[in-house]
Protein chains: 2
Amino acid sequence: MSIHSIPVGPAPFPLAPPSYLCGGVDKVRLVSLATALPLAERDAMEPLSRRVALDQRQSLYGQDEPAVSVFNVTSGALSLYRLLPDGRRQVTGFAFPGDFLGLSMLDRFAVSADALGPVTACRFERLAFMDLLRGQPSLMMHLHEIMGHELSRAKDMMMLLGRRTADERIATFLLGLRERYVRIGRSSVTLELPMGRLDIADHLGLTIETVSRTFARLDRDHCILIVPGGVRLVDHDRLARMSAH
Amino acid sequence: MSIHSIPVGPAPFPLAPPSYLCGGVDKVRLVSLATALPLAERDAMEPLSRRVALDQRQSLYGQDEPAVSVFNVTSGALSLYRLLPDGRRQVTGFAFPGDFLGLSMLDRFAVSADALGPVTACRFERLAFMDLLRGQPSLMMHLHEIMGHELSRAKDMMMLLGRRTADERIATFLLGLRERYVRIGRSSVTLELPMGRLDIADHLGLTIETVSRTFARLDRDHCILIVPGGVRLVDHDRLARMSAH
DNA sequence: CGGAGGATTGATGCTGTTCAAGCGTAGTGG
DNA sequence: CCACTACGCTTGAACAGCATCAATCCTCCG
């Protein structure tokens, strides 16, 4: 059986941005390229930023906390989630290098953000950031566009959670994750899963058991191959058909 | 038994904006107040707008169509939804007077928008609208804020679809709708439901039968009272407890 | 009066949950 | 070096909530 548990320590393939996204140690490019912002706009933002580092399980911010900052992830991955009073959890998404957090810039954070492993990010003071935006309409437009895509993905999630079967959810999740890795230049044969089964379950509206069983079945059917720290997507076409897009 | 079917014709209480939102017939205020935009910003927008009227079931736009326009609803209600190739549908939300549609301003619409009854809206040519925004950072900020709230509601929906029971979904839906009516100045004892059971089901990730049964049970328990065209919220507290917020 | 469309209601079944072990690997301390 | 523990993952059996299938009802309207 090719099923192995996923190590909880630092991921075997740490989610660091590709080296070309960073300058030297003393001239670090804090704002990641992955968001595809023009160089001039990133340069305008960088003076405002402060570096943050988190260990696994540390929280970057909590839901409903006053949103004093906006963040841009530079390495690692985070889970974004909401809790119900009785403990039920919905992971609304995962953040990867290049992603902005708190972009809606409301007074309070809409979700909590926890590090899935070691994470680095840059922090911007929200009000200063908003002042910067007021003077830079094109940057503002870019961020607005990013939010538009986030909203579109949110609608994908609604469809997934409201209308798709467990198999379809898992297939869609895996392909979507691969897609994201490709876009940030981290495509690879093996799809890393920096999040645990529980995070996946809480993201897809399933239980941990259903996620585990579905993974196991896909592995038996040679659709995927479960490896330490992630999965290998073996039969991409079948997954695509399963995801029912 | 207090269950009656809901008429399909023009709603008995048509969703028109309160009269004070409109000027006379010749000096119509096209952009609704409900979005709480400052007067100056609405005045800047109005010259760009053209009036649109839709009958029941007519489509304002379809998913993936090139988004040449942005809209602001002035009267009536619409369902916003996505379809899967096999016909499964997810209603991502409903639009009411004052709501903006297509605000993310991507090249294509993320959802389809169908009129639930007679609808009027104002249409803005998207590129002209974006030009206007570039010159009006504060208007841009306002729209960004509106999108932030939309994103927050999207996350509420994810929690609802992923983690709530049928009862909780229905209760949350009813209270949320009342909340929205209050905010646009249309609060009333009776909660109008301009959408059909199928729309509600497709919104909440349930079947039409489950929606109908849950409504019937809430009615039997004197939590709500089903009336033609909507429901009356009788036991607000119990609903609030049921919604498990 | 009769048809159409939506809503309701009942019987039955399936998908995914719940509950309960058991497994595998990493980390720890004797 | 090898128990021993902890933690996450897997697996199995029984159950439940919601879906599915199939009538039937109600109201509007021609």
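Within chain B of this predicted model, helix H4(B) contributes Ala166(B), Asp167(B), Ile170(B) and Leu174(B) to a contact with helix H6(B), where the partners are Thr210(B), Val211(B), Thr214(B), Phe215(B), Arg217(B) and Leu218(B). By character, the residues of this contact comprise six nonpolar, two polar and two charged. The two helices, spanning residues 166-183 and 208-220, have axes that come within 10 Å and cross at roughly 75°. With angles of 65 to 115 degrees counted as roughly perpendicular, H4(B) is therefore roughly perpendicular to H6(B).

Turning to the interface between the chains, 47 residues from chain B and 47 residues from chain A take part in the contact. Together the chains bury about 4200 Å², and carbon and sulfur atoms give 69% of that area. On the chain B side, His144(B), Met158(B) and Arg163(B) supply 19% of the area buried against chain A, more than any other three residues.

Polar interactions also feature here. Eight salt bridges are counted between chain B and chain A; one of them pairs Arg88(A) with Glu168(B), whose closest N and O atoms lie 2.9 Å apart. Across the interface, 19 residue pairs are found in polar contact, with both residues at pLDDT 80 or more.

Several elements of chain B build its side of the interface: strands E4 (78-83) and E5 (89-95), along with helices H2 (126-134), H3 (137-163) and H5 (197-204), each supply at least two residues. The largest share comes from H3(B), with 21 residues. Sorted by type, the residues on the side of chain B that touches chain A are 24 nonpolar, 11 polar and 12 charged.

Note on methods: Residues are numbered from 1 along each chain as its sequence is written. Chains are lettered from A and ligands numbered from 1 in the order in which they are written. This is a predicted model: local features need pLDDT of at least 70, side-chain atom pairs count only at pLDDT 80 or more; totals for chains, interfaces and linings use all residues. Side-chain values use heavy atoms; hydrogens and water are left out. Contact means heavy atoms within 4.5 Å. Buried area is the accessible area (1.4 Å probe) that two parts lose on being put together, summed over both. A salt bridge is a side-chain nitrogen of Lys or Arg within 4 Å of a carboxyl oxygen of Asp or Glu. A polar contact is a pair of N or O atoms within 3.5 Å; within protein, one must be able to donate a hydrogen and the other to accept it, and residues adjacent in sequence count only if both atoms are side-chain atoms. Helices (H or I, at least four residues) and strands (E, at least two) are DSSP runs, numbered from the N terminus. Ala, Val, Leu, Ile, Met, Phe, Trp, Tyr, Cys and Pro count as nonpolar, Asp, Glu, Lys and Arg as charged, and the others, Gly among them, as polar. Axes are lines fitted to C-alpha atoms, for helices over the stretch in contact, and angles run from 0 to 180 degrees between N-to-C directions. Angles under 35 degrees count as roughly parallel, over 145 as roughly antiparallel, 65 to 115 as roughly perpendicular and the rest as oblique.
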